Amino acid sequence: MKVTIDIDCTPEEARRFMGLPDLSAVHDAYLAKMRKMVEDGVTADVMTDMMKSWGPMSEAGLGVWTKMFEQMSGKK
């Protein structure tokens, strides 16, 4: 026996139905910070700090990102 249920709802309605927290304030704060960084200009130090905060990357993982950005910018 196969039963199929189609639910037509928005992502917000699904989040509330599943009891997940509303992270829109966190999302807005993150976007504001990213917007400020773009307006002020992104420096190498800012990029390094941002990469470190995005996840549990080891020094080797950060090295991969650094190498990729250097290749994209033409620096060696």
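# Exercises on a predicted helical model

A search of the whole structure turns up three salt bridges. The model is a predicted one. Work through the exercises in order.

## Exercise 1: The overall fold

Task: State how many helices and strands the protein has, and give the pattern along the sequence.

Solution.
- Step 1. Count the elements. The protein has four helices and zero strands.
- Step 2. Read along the sequence. The pattern is α-α-α-α.

## Exercise 2: Burial and surface

Task: Find what share of the residues counts as buried, and what carbon and sulfur atoms supply to the exposed area.

Solution.
- Step 1. Take the cut-off. Buried means under 20% relative accessible area.
- Step 2. Apply it. Of the 76 residues, 7% count as buried.
- Step 3. Turn to the surface. The protein exposes about 7,100 Å². Carbon and sulfur atoms supply 62% of that area.

## Exercise 3: The span of helix 2

Task: Compare the reach of helix 2 with the expected value, then look at the residue just after the helix.

Solution.
- Step 1. Locate the helix. Helix 2 covers residues 24–40, which is 17 residues.
- Step 2. Get the expected span. Multiply 1.5 Å by one less than the number of residues. For helix 2 the expected value is 24 Å.
- Step 3. Compare. From first C-alpha to last, helix 2 reaches 24 Å, close to expectation.
- Step 4. Step past the end. Just after helix 2 comes Gly41, with a positive phi of about 95°.

## Exercise 4: The salt bridges of helix 1

Task: Find which residues are linked with Glu12 in a network of salt bridges, and describe each pair.

Solution.
- Step 1. Recall the principle. Side chains of opposite charge can pair when their charged atoms come close.
- Step 2. Take the cut-off. The nitrogen and the carboxyl oxygen must lie within 4 Å.
- Step 3. Test Arg15 with Glu12. Their N to O distance is 2.6 Å, and they form a salt bridge. Both residues lie in helix 1 (residues 11–18), three residues apart, about one turn of the helix.
- Step 4. Test Glu12 with Arg16. The closest N and O atoms are 3.0 Å apart, and this pair is a salt bridge. Glu12 and Arg16 are separated by about one helical turn because they sit four residues apart in helix 1.
- Step 5. Join the pairs. Glu12, Arg15 and Arg16 are linked in a network.
- Step 6. Sort by accessibility. Arg15 is at 17%, so Arg15 counts as buried. Glu12 is at 33%, so Glu12 counts as partly exposed. Arg16 is at 61%, so Arg16 counts as exposed.

## Exercise 5: What surrounds Arg15

Task: Leaving out residues up to four places away in sequence, name the residues that Arg15 touches.

Solution.
- Step 1. Place the residue. Arg15 lies in helix 1.
- Step 2. List the contacts. With those sequence neighbours left out, Arg15 touches Leu20, Pro21 and Asp22.

## Exercise 6: The salt bridge of helix 2

Task: Describe the pair formed by Asp40 and Lys36.

Solution.
- Step 1. Check the distance. The side chains meet in a salt bridge at 2.6 Å, N to O.
- Step 2. Check the spacing. Asp40 and Lys36 are four residues apart in helix 2, so about one helical turn separates them.
- Step 3. Check accessibility. Asp40 has 54%, so Asp40 counts as exposed.

## Exercise 7: A nonpolar patch

Task: Name the residues of the nonpolar surface patch, and place Ile7.

Solution.
- Step 1. List the members. Met1, Val3, Ile5 and Ile7 make a patch of about 600 Å².
- Step 2. Place Ile7. Ile7 sits in the segment before helix 1.
- Step 3. Classify Ile7. Its relative accessibility is 67%, so Ile7 counts as exposed.

Technical notes: Residues are numbered from 1 along each chain as its sequence is written. This is a predicted model: local features need pLDDT of at least 70, side-chain atom pairs count only at pLDDT 80 or more; totals for chains, interfaces and linings use all residues. Side-chain values use heavy atoms; hydrogens and water are left out. Helices (H or I, at least four residues) and strands (E, at least two) are DSSP runs, numbered from the N terminus. Buried means under 20% relative accessible area, exposed over 50%, partly exposed in between (1.4 Å probe, protein chains only). Accessible areas come from the Shrake-Rupley method with a 1.4 Å probe; for residues, only the protein chains shown count as cover. Patches are made of residues with over 30% relative accessible area and no salt bridge: like charges are joined within 9 Å, nonpolar side chains (Val, Leu, Ile, Met, Phe, Trp, Tyr) within 5 Å. Contact means heavy atoms within 4.5 Å.
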